[in-house]
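Work through the exercises below with the sequence and the structure at hand. Each task is followed by a solution in steps.

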Amino acid sequence: MTNFTKLLRAGVAALAITAAAGTAHAQVDVPLIESGSSLLYPLFNLWVGAYSASHAGADITTTSTGSGAGIAQSIKGLVQIGASDAYLSDTLAKDHPTVLSIPLAISSQAVNYNLPGVGSLNLSGPILAGIYEGKITQWNDPAIAAANPGVSLPNHVIVPIHRLDGSGDTFIFTQYLAASDAGWASTMHYGTAVSWPPISGEVGAKGNSGMLSALGNNPYGIAYIGISFSDKVKAAGLGQAALLNKAGQYVLPTTANISAAAESVANSTPADERISMIFADGPTAYPIVNYEYAIVDSQQPAPAIAEAIRDFLGWCITEGNDPSFLNAVHFLPLPPAVVTLSQAQIAKIQ
Amino acid sequence: MKLRPFRLTVLCLSLMIPAALVAVVLFLVVYSGQAMVFNGLHFLTDVTWNLGDLYDDPVVVKGIQVPAGAEYGILAFIVGTLASSFLAIIIAVPLSVGTAIFLAEAVPEIERATWRHFPWLPPLRPALAMLVELVAVVPSVVFGLWGIAVLIPFIGHHISPTGSGYGLLAAAIVLALMITPIIASTLFDALCQVPKENRESAFALGSTHFEVVTKAMMPMVRATLIGGIVLALGRALGETMAVLMVSGGGSNILPHSLFSPISTIASFIVGQLDSAEADPTNMSVRALSEVALVLFLITLAVNAAAKLLSSGALNVRKRQ
């Protein structure tokens, strides 16, 4: 509830600011539809509210359908902007060369736990892979104990909690496991839905809110939850694990650590911007960080539609990357080098 | 022949519904054709469901492009669907038979005994009957929320040996609550229509109230009761959202206890569809269509059974 009021407040503030600025832009009167990622949906609502207030004639509808649906509908031309937590796969990019993956903001994910009496916890990719494969079943397993010297771990069965609906969170979580654990990479791969090995006592939950209540309902549980829920996770008294990064440090998903990961990937981001930020280099880089994408076909049926998309997306990655929007969902702005790349991609839409 | 516009219009309108049904079935069969070829009968007998690696190059199996490592077996979901629905029926039938008998037989007595002193009170029976029917129209997501907020912590803390409330039992209880009003209101209506003479003759023969209900009234409404149960079963088999929220979403394993996480066919389709849409070969969506076809056939069989039973075609024996 507090998060919602915060969102609302940020939205109202943003509206007031942009309305006061009263910038005059080229008038576009073309209806656009945005559809896809439920993680991006609250942010798109803030953006569209503020953008419509300052751009007379803007007509943008937002819908929350899921990243996979966002990609599919954008490719089929059913929506103009598909929102996705994941970039286009190589095969899809090859089959649909005109469809662009344009980063709009940076998101992250926390690994949370429900352990009464344990204040801090270090975890690594191989440990998490072991837990979700059913090879590590007890909290006081030697592998977990070795990563947590001085922490008294309970002698209790671990309850692994995963998403049962297709999710960008599952995508980046399994990508972290695949990047840091060779066994997971060869047997489980990564994706928005994976074939979870059966583990006694495991729980599947729907949506980030379902993950949160499942973790709250299951003492000795562990779950991966999108960073935009971190306020609610904290309010529920659940712990946030420090994860082992590529440099061998245990790091928490703080703003500084997420930025460190984003900065380290910014310069190696290719022109088509399809790159994973998971398990990035850098001594303090948090390992589960990702770009949030707009999936857009660069060949639009009419110049007016293309102009409307260009104008809106261009606004999103500049003025829309202002903390007054992003803080409400705990996203981070794109680094300047990436803004330039995204602008170059947006310019291709015609 | 004179063309009658009204008759023609009505004919066209009435053909729309069967046409829509045929169109849906045709679509499912044609669309899932490739998946049927790829899966064969293993589809129904395998427990492992794996969309495969959607981010790697597809491979060609039996001349069909599929994601690497793709494997589609739905036995666990068929078992999950049937187990949760039948368990729900087992919970719901005593509950709804009790409710219907209470409404039909006990409430009038309470009214006679109490309302005499308070004639200004509104009649109790229609109000209670309406309440029961009201439960039937509560959206399923509301039951799901109640399940997450109340039922799951209760099962987890007080009943389940594993400490987790999500699973077969939670799904069955939520389903049972959803279908109880269907059975109860059907049965209540039937009990009200039992001829007064039958009831009163039984009383005149010296039967107790219990004997009147069990020996004179229930046998007359048996066919209706069976029809109501089968209709409720149809609802339970297809229920999606509430089950998705409390079932624990088990996959790749057959449920082995009341507390095992399960997936039902309907909830599984919803959970997987978004990821399937990102499959460049489209095989995942085709496989899900085949899953939908199986669910369609199961519910079709249940509804056909309901029609047969309640029309008396199977000759449910009436007591002499």
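**Exercise 1.** Which residues of helix α9 (residues 209-217) of chain B are buried? Find where they point and what they pack against.

*Solution.* The model is predicted, and a residue counts as buried if 20 or more other C-beta atoms lie within 10 Å of its own. In α9(B), Val212(B), Val213(B) and Met217(B) are buried. They are on the same side of α9(B), because they cover an arc of only 95° around the axis. The next step is to look for their partners: the buried residues of α9(B) pack against α4 (75-114), α7 (168-192) and α8 (196-204) of chain B.

**Exercise 2.** Identify the residues with the most contacts inside the largest nonpolar core, then follow one of them to its neighbours.

*Solution.* The largest nonpolar core has 191 residues. Those with the most contacts inside it are Ala261(A), Ala170(B), Val174(B), Leu175(B), Ile179(B), Leu187(B) and Val246(B). Helix α7(B) gives the largest share of this core, 19 residues. Now take Val246(B). Apart from neighbours within four places in sequence, Val246(B) has contacts that include Gly144(B), Ile148(B), Leu151(B), Tyr166(B), Ala170(B) and Val174(B).

**Exercise 3.** Describe the overall build of chain A, starting from its secondary structure.

*Solution.* Chain A has 14 helices and 12 strands. Its radius of gyration is 20 Å, close to the 20 Å given by the globule rule for 350 residues, so chain A is as compact as a globular protein of that length. Along the principal axes, its C-alpha atoms fill a box of roughly 65 × 45 × 35 Å. Of the 350 residues, 54% count as buried. Among contacts between residues at least 6 apart in sequence, 75% join residues at least 24 apart.

**Exercise 4.** How many residues does each chain bring to the contact between chains A and B?

*Solution.* Chain A brings 34 residues and chain B brings 36. On the side of chain A that touches chain B, α3 (67-75), α4 (90-95), β7 (203-205) and α9 (207-217) of chain A each supply at least two residues. The largest share, five residues, comes from α3(A). By class, this side of chain A has 14 nonpolar, 16 polar and four charged residues.

**Exercise 5.** Where in chain B is the mean confidence of a helix lowest, and where is it highest?

*Solution.* Begin with the whole chain: chain B averages a pLDDT of 89, and 97% of the residues score at least 70. Confidence is lowest in helix α5 (residues 124-136) of chain B, at a mean of 88, and highest in α7(B), at 94. Over residues 314-320 of chain B the pLDDT is below 50. For the complex, the predictor gives an ipTM of 0.81 and a pTM of 0.84.

Methods: Residues numbered from 1 in each chain as written. Chains lettered and ligands numbered in written order. Predicted model: local features only at pLDDT ≥ 70, side-chain atom pairs only at ≥ 80, totals over all residues. Helix = DSSP H or I, 4+ residues; strand = E, 2+ residues; numbered from the N terminus. Rg over C-alpha atoms; globule rule 2.2 N^0.38 Å. Buried ≥ 20, exposed ≤ 12 C-beta atoms within 10 Å, placed from the backbone. Contact = placed C-beta atoms within 7 Å. Arc of directions from axis to C-beta. Core = buried A, V, L, I, M, F, W, Y, C linked by C-beta atoms within 7 Å. Nonpolar A, V, L, I, M, F, W, Y, C, P; charged D, E, K, R; others polar. pLDDT = per-residue confidence, 0-100.
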